[in-house]
Amino acid sequence: MKLLDRLMPASGIRQVPKSVTIHAVLLAYTVIALFPIIVVVINAFKERRAIFRDPLGLPDSDSFTLVGFQQVLLRSDFGLYSWNSLVVTILAVGLVLLLGAMAAWALTEYKFKGNLLITFLFAMGIMIPIRLGTVSILSLMVSLDLVNTLTALVLVYIAQGLPLAVYILSEFVRTIPKELTEAARCDSVSEYKIFFCVILPLLKPAMATVAVFTMIPIWNDLWFPLILAPGEETRTITLGVQQFVGQYVTDWNSVLSALTLAIVPVLILYTIFSRQLIRGLTSGAVK
Amino acid sequence: MASVKLNNIKKRFGDVDVLHGIDLDIKDGEFVVLIGESGCGKSTLLRLLSGLEDITEGNLYIDEERVNGRSPAKRGIAMVFQSYALYPHMNVFKNMAFGLKISGKDKHFVNNKVMEAAKKLKIDHLLERLPRELSGGQRQRVAIGRAIVRDPKVFLFDEPLSNLDASLRVQTRVELGKLHQELKATVVYVTHDQVEAMTLGDKIVVMNKGRVEQVGAPLDLYHHPKTQFVAAFIGSPKMNFLTAKISQPAPENTQLVLESGRAIQACIDTTSLNKGDIVQLGLRPEHIALDCEHNTVEGTVTLIEHLGELSYLYVDIGQEGEMVLKVDGDNQHKAGDKITFGIQPNRLYLFDHQGKALKRVNAHTTATIPL
């Protein structure tokens, strides 16, 4: 009996079913989330016939091929597309973070007329999908002469990402003790310096969270590049992949290879932010 | 260093009046303690002084200059917060140097200033650490250091010791006192702890419901409280209050009678009152003596608290309720014991029905009577 007690302490026994359940759920979710990505990656390395014969099979010596990658890298402007995507994503995310943090700070710290109205408008921005305004956005871009420029995409993505960013960052700004800003004011620090030297460094974990949430939809977006910047020079990677998808014939090797390559940069960015992201998600939960 | 003058300062939050016209003179180099129960407006007053909150009405002068509406920085004040409010992402050195750097002082000057303050506060070995790696007491020093390096005209402290544990609080209190003597700075210090107020303050301002109840030196407040509120607030344990009736008003030797019919003689000028007026008699626990033959009262001990050097006896005296006595630590009384105790007539306090103190005559003290 004693041995049993030592092997399975009472609290441990109670803990086991709970942690098994939690892990089972998490594991199931991981499988579901990773499945399509794994299918894309393994099929990118297979011959066309092998893809259709056994979509889930791993590439073997017969079916292994790099023809898709060759197609993508040689026959299309993959470098340019990636560069476009990268520029748009980094600029948009950077500006969303900066403007979002500034707006969140202003809306929570300062009392001014219209504060509530602006907060309300941002909340509306979360609830109403920006795509509903596509037609007006397009006509606006036409009159601004911004069609087929990356600027158009950056502007739209800032508008798309800002409401949620402001919302999340406002919550974090509220958790920063008021005394810190007051101490800074007593230290004769200007309001701008307070924001950049005191508040912004403290918002880092929250900003990483927002960065990831903002970055992924922008990187994956097909809609706005297709409408606002379909020109050869301004194509983003998701749009670039489409050239292999034909009405009658689809070059699956190339599509899957392009998608596999498209995952890489976003994976790198995610790894950079992920440590901060986890801190951001769990901060406040554990003291 | 500077003098501070408050002239009919009022503060309103929406419809709520928080401060109803505060007048106060703080001399150059004076250590002034604002004390009162929570919600009495003492912290608000400090924030008005600092400029973090706007003054609704009245004038505030620092060094004869009106500073209403000026930013905290331009008033030349430095504030130490209850929560220390250290910048969590900066190390101790940067925390202390931040304000100076921002205002564009050259590096050499900043270094010297910070090192000087750090040595004074004995935190020069901690300069590389982050606030989260420091103990409460060390954080407190850094917060004070951050205030010192700026050479402010006035130091403002908002309950700086209340987050420290008891022994550290006493130690830091002593150090604060020494620091003040060394810097000879003008200090306004908010606390709800009357021991801090009594030990640190050159002058204590007792506040009650947004008004100044009394201003005075610590011993003046103790011996000559102007109101029953101040009498109750200063001193630990609290002053005992008994309801009594004037049986013979007199300029010196007033005769009183308690509800139970016991006669009391008090050295208090009651010529402004009439025979039969109801008053509150105040007795400090430390002035009541078991061997005193004046004004004797009998009662039953209900509880005894031993503090070592002394003990508190809680005594039920019947109709008038319960009283606290401060007695010698070796006192052997137990709950249930019947005891007799008394108090010198010149140790008594008397308050009229509005809570205003009546003048004590031949009071057993050298403290001056505030005007």
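1. Two residues are taken to be in contact if their C-beta atoms, placed from the backbone, lie within 7 Å. On that basis, the contact between the two chains takes 14 residues from chain A and 18 residues from chain B. On the side of chain A that touches chain B, the elements giving two or more residues are helix 9 (178-186) and helix 10 (191-202) of chain A. Helix 9 of chain A supplies the largest share of that side, 6 residues. By class, the residues on this side of chain A are 8 nonpolar, 1 polar and 5 charged.

2. The reader should keep in mind that this is a predicted model. Chain A has an average pLDDT of 85, and 91% of the residues score at least 70. Confidence varies between the elements of chain A: helix 1 (residues 2-7) of chain A has the lowest mean pLDDT, 50, and helix 7 (residues 134-143) of chain A the highest, 94. Where pLDDT is low, the predicted coordinates should not be read in detail.

3. On the domains of chain A. The domain assignment divides chain A into domain 1 (2-53) and domain 2 (70-282). Taken over C-alpha atoms, the centres of domain 1 of chain A and domain 2 of chain A are separated by 32 Å. Their contact takes 7 residues from domain 1 of chain A and 7 residues from domain 2 of chain A. Two elements, helix 2 (10-44) and helix 3 of chain A, give two or more residues to the side of domain 1 of chain A that touches domain 2 of chain A. Helix 2 of chain A gives the most to that side, with 5 residues. The same side of domain 1 of chain A has 5 nonpolar, 1 polar and 1 charged residues.

4. One loop residue of chain A may be looked at individually. F64(A) is placed in the loop between helix 3 (48-53) and helix 4 (67-75) of chain A. Is F64(A) buried or exposed? A residue counts as exposed if 12 or fewer other C-beta atoms lie within 10 Å of its own. F64(A) has 12 C-beta neighbours inside 10 Å and therefore counts as exposed. Leaving aside residues up to four places away in sequence, F64(A) touches F45(A), K46(A) and P59(A). Between the C-alpha atoms of F64(A) and A50(A), which are 14 residues apart along the chain, the separation is 8.9 Å.

5. Turning to chain B as a whole. Its secondary structure comes to 9 helices and 19 strands. The C-alpha atoms of chain B fill a box of roughly 75 × 45 × 40 Å along the principal axes. Of the 371 residues in chain B, 40% are buried. Among contacts in chain B between residues at least 6 apart in sequence, 64% join residues at least 24 apart. The domain assignment of chain B gives domain 1 (4-229) and domain 2 (238-351). The C-alpha centres of domain 1 of chain B and domain 2 of chain B lie 39 Å apart.

6. Helix 3 (92-102) of chain B is mostly covered, with 8 of its 11 residues buried. The buried residues of helix 3 of chain B are V92(B), F93(B), N95(B), M96(B), A97(B), F98(B), G99(B) and L100(B). What covers them includes helix 4 and helix 5 of chain B. After helix 3 of chain B comes G104(B), whose phi is positive, near 80°.

7. Does the length of helix 4 of chain B agree or disagree with its residue count? Helix 4 (residues 107-120) of chain B has 14 residues, which should span 20 Å at 1.5 Å a residue; its end C-alpha atoms are 20 Å apart, so the two agree. Just after helix 4 of chain B, K122(B) takes a positive phi of about 55°.

8. Which residues of helix 4 of chain B are buried? They are V110(B), V114(B), A117(B) and A118(B). These residues cover an arc of only 100° around the axis, so they sit on the same side of helix 4 of chain B. They pack against helix 3 (92-102) and helix 5 (136-148) of chain B. On the face of helix 4 of chain B turned away from the buried side are the exposed residues H108(B), F109(B), N112(B) and K119(B).

Technical notes
Residues numbered from 1 in each chain as written. Chains lettered and ligands numbered in written order. Predicted model: local features only at pLDDT ≥ 70, side-chain atom pairs only at ≥ 80, totals over all residues. Domains from an automatic or database assignment. Helix = DSSP H or I, 4+ residues; strand = E, 2+ residues; numbered from the N terminus. Nonpolar A, V, L, I, M, F, W, Y, C, P; charged D, E, K, R; others polar. Expected span 1.5 Å × (residues − 1). Buried ≥ 20, exposed ≤ 12 C-beta atoms within 10 Å, placed from the backbone. Arc of directions from axis to C-beta. pLDDT = per-residue confidence, 0-100.
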